[in-house]
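Colleague: I would like to learn how to read a model like this one. Can we take it feature by feature?

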Amino acid sequence: MFSFEGFIDLPLIWYALIGTAIFLYVLLDGFDLGLGILFPFAPSEKCQDRMMGSIAPFWDGNETWLVMGGGGLFAAFPLAYAILMPAFYIPVILMLLGLILRGVSFEFRFKAHDRSKKRWGYVFHLGSLVATLTQGMMLGAFVQGISVTGRTFSGGPFDWLNAFSVMTGVALVAGYALLGAAWLIMKTEDVTQQWARKCTGYLFWHVALFMGLVSLCMPIMDTRIRELWFNPLNFIYLSIMPVSCMVMFWMLWKDLRNKNEYRPFFLIQGIFLMNYIGIGVSTWPWLVPYRVTFRHAAAAPESQSLLLIGAVIMLPVVLAYTGYCYWIFRGKSSHETSY
């Protein structure tokens with residue numbers, strides 16, 4: 001069977017592809033999950049209709065990247081998948097249940113009336129909250145490390161549940177809610193936009209506080225991360241990320257005061273990007289921190305080569321479709337309930 005092993009670094013390419021897919025999921029599904037977290041606090045039902053209308057063309061397409069990230073991990077790094085899944089069975093199941101609840105309530109709310117419409121709104125909020133909280137808790141448990149003996153997970157079913165993972169879960173809820181509020185500033189107007197501005201101002205400080213706490217805790221908990229970030233040789237290069245974050249926070253604060261409609265959303269995405277790169281640097285080159293590297297977890301070169309052909313064909317199609325949708329449905333959302 002053919003293999004590209006002699007021409008390109010297959011494990012590195014797949015590591016980058018899966019990392020990119022997960023980051024795109026965080027950015028794209030993050031704002032509509034955040035909108036679901038904010039949903040019950042909207043000032044009126046018309047505002048809620050407008051919120052739903054703003055994500056209706058995108059929300060299911062955004063989840064494509066989660067499937068691509070999970071499926072890519074299973075196919076390209078089966079050893080890492082076999083270790084990580086047993087470690088996160090419970091939060092993964094809860095996350096999927098949350099996403100299912102969210103999807104069902106989204107569709108049913110468009111057909112419901114009066115009290116049942118309100119109930120589906122609460123279900124939409126609950127599904128968004130559970131999905132986000134479990135994603136954040138898995139991230140916190142992941143960076144703390146996974147118990148591995150030989151080539152299998154050797155920890156307990158609740159190893160993912162601890163004070164740090166709860167903090168990262170709550171931090172992600174605040175982060176997605178901030179992203180959702182910035183999306184509403186960009187896509188709505190009048191009362192809904194004014195309410196979203198208030199939410200953004202409130203969430204801004206919570207996200208800044210949580211990012212500071214997580215950045216402080218990670219080097220304290222793990223000597224490898226502390227030595228990496230505070231090594232004099234690395235410090236200058238790595239400090240670009242926290243400094244960029246602080247600059248973008250300052251620009252975001254100025255934009256919120258000046259009532260800028262579009263730039264806050266992209267600044268928050270930039271802050272997410274810097275934090276994502278920071279986590280990637282801290283856990284490099286581990287795919288199962290701090291037990292299995294991405295090279296040790298890689299599938300056979302022939303398998304990765306065959307998968308790469310499929311990715312080269314499908315990725316441009318998915319990217320083009322996603323870009324087309326966002327271009328076609330650009331502009332402000334209305335409060336019409338049609339879907």
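Modeller: Yes. Keep in mind that this is a predicted model. Start with helix 5, residues 78-87.

Colleague: Which residues of helix 5 are buried?

Modeller: Leu 79, Ala 80, Ile 83, Leu 84 and Ala 87. Next, look at where they point. They cover an arc of only 115 degrees around the axis, so they lie on the same side of helix 5.

Colleague: Now charges. How many salt bridges does a search of the whole structure find?

Modeller: Nine. One of them joins the side chains of Asp 32 and Arg 102, with N to O at 2.3 Å. Check where each partner sits in the chain. Asp 32 is in helix 1, residues 10-38, and Arg 102 is in helix 6, residues 89-111. The two are 70 residues apart, so this pair links distant parts of the chain.

Colleague: Are Asp 32 and Arg 102 buried or exposed?

Modeller: Both Asp 32 and Arg 102 are buried.

Colleague: Which residue forms a salt bridge with Lys 117?

Modeller: Asp 49, with the closest N and O atoms 3.4 Å apart. This pair also links distant parts of the chain. Lys 117 belongs to helix 7, residues 114-144, and Asp 49 to helix 2, residues 45-55. They are 68 residues apart.

Colleague: Why does Lys 117 count as buried?

Modeller: Because its relative accessibility is 10%, and buried means under 20%. Asp 49 counts as buried too, at 8%.

Colleague: Take another pair, Arg 263 and Asp 255. How far apart are the closest N and O atoms?

Modeller: They are 2.7 Å apart in this salt bridge. Now compare the partners. Arg 263 is partly exposed, with a relative accessible area of 38%. Asp 255 is buried, at 3%.

Colleague: Which residues do shared salt-bridge partners join into one network?

Modeller: Glu 45, Asp 49, Arg 109 and Lys 117.

Colleague: On to helix packing. How are two packed helices described?

Modeller: By the angle between their axes and the distance between the axes. Try helix 10, residues 223-230, and helix 13, residues 263-283. Their axes come within 9 Å and cross at roughly 110 degrees. Helix 10 and helix 13 are therefore roughly perpendicular to each other. Their crossing is right-handed.

Colleague: Which residues make the contact?

Modeller: Helix 10 supplies Ile 225, Leu 228 and Trp 229. Helix 13 supplies Gly 278, Val 281 and Ser 282.

Colleague: At what angle do helix 1 and helix 7 pack?

Modeller: About 135 degrees, with their axes 8 Å apart. Helix 1 and helix 7 are therefore oblique to each other. Helix 1 passes helix 7 in a left-handed crossing.

Colleague: Which residues of helix 1 and helix 7 meet?

Modeller: From helix 1, Tyr 25, Leu 33, Leu 35, Gly 36 and Ile 37. From helix 7, Phe 124, His 125, Ser 128, Leu 129, Ala 131, Thr 132 and Gln 135.

Colleague: Let us finish on a single residue. Where is Thr 134 found?

Modeller: Thr 134 is in helix 7. This residue is buried, with a relative accessible area of 5%.

Colleague: Which residues is Thr 134 in contact with, leaving aside its neighbours within four places in sequence?

Modeller: Pro 91, Leu 94 and Met 95. Check the backbone as well. The C-alpha atoms of Thr 134 and Ile 90 are separated by 9.2 Å, with their positions 44 residues apart along the chain.

Technical notes
Residues are numbered from 1 along each chain as its sequence is written. This is a predicted model: local features need pLDDT of at least 70, side-chain atom pairs count only at pLDDT 80 or more; totals for chains, interfaces and linings use all residues. Side-chain values use heavy atoms; hydrogens and water are left out. Buried means under 20% relative accessible area, exposed over 50%, partly exposed in between (1.4 Å probe, protein chains only). Helices (H or I, at least four residues) and strands (E, at least two) are DSSP runs, numbered from the N terminus. The arc is that of the directions from the helix axis to the C-beta atoms. A salt bridge is a side-chain nitrogen of Lys or Arg within 4 Å of a carboxyl oxygen of Asp or Glu. Axes are lines fitted to C-alpha atoms, for helices over the stretch in contact, and angles run from 0 to 180 degrees between N-to-C directions. Angles under 35 degrees count as roughly parallel, over 145 as roughly antiparallel, 65 to 115 as roughly perpendicular and the rest as oblique. A crossing is left-handed if the near helix is turned anticlockwise from the far one by less than a right angle, and right-handed if clockwise. Contact means heavy atoms within 4.5 Å.
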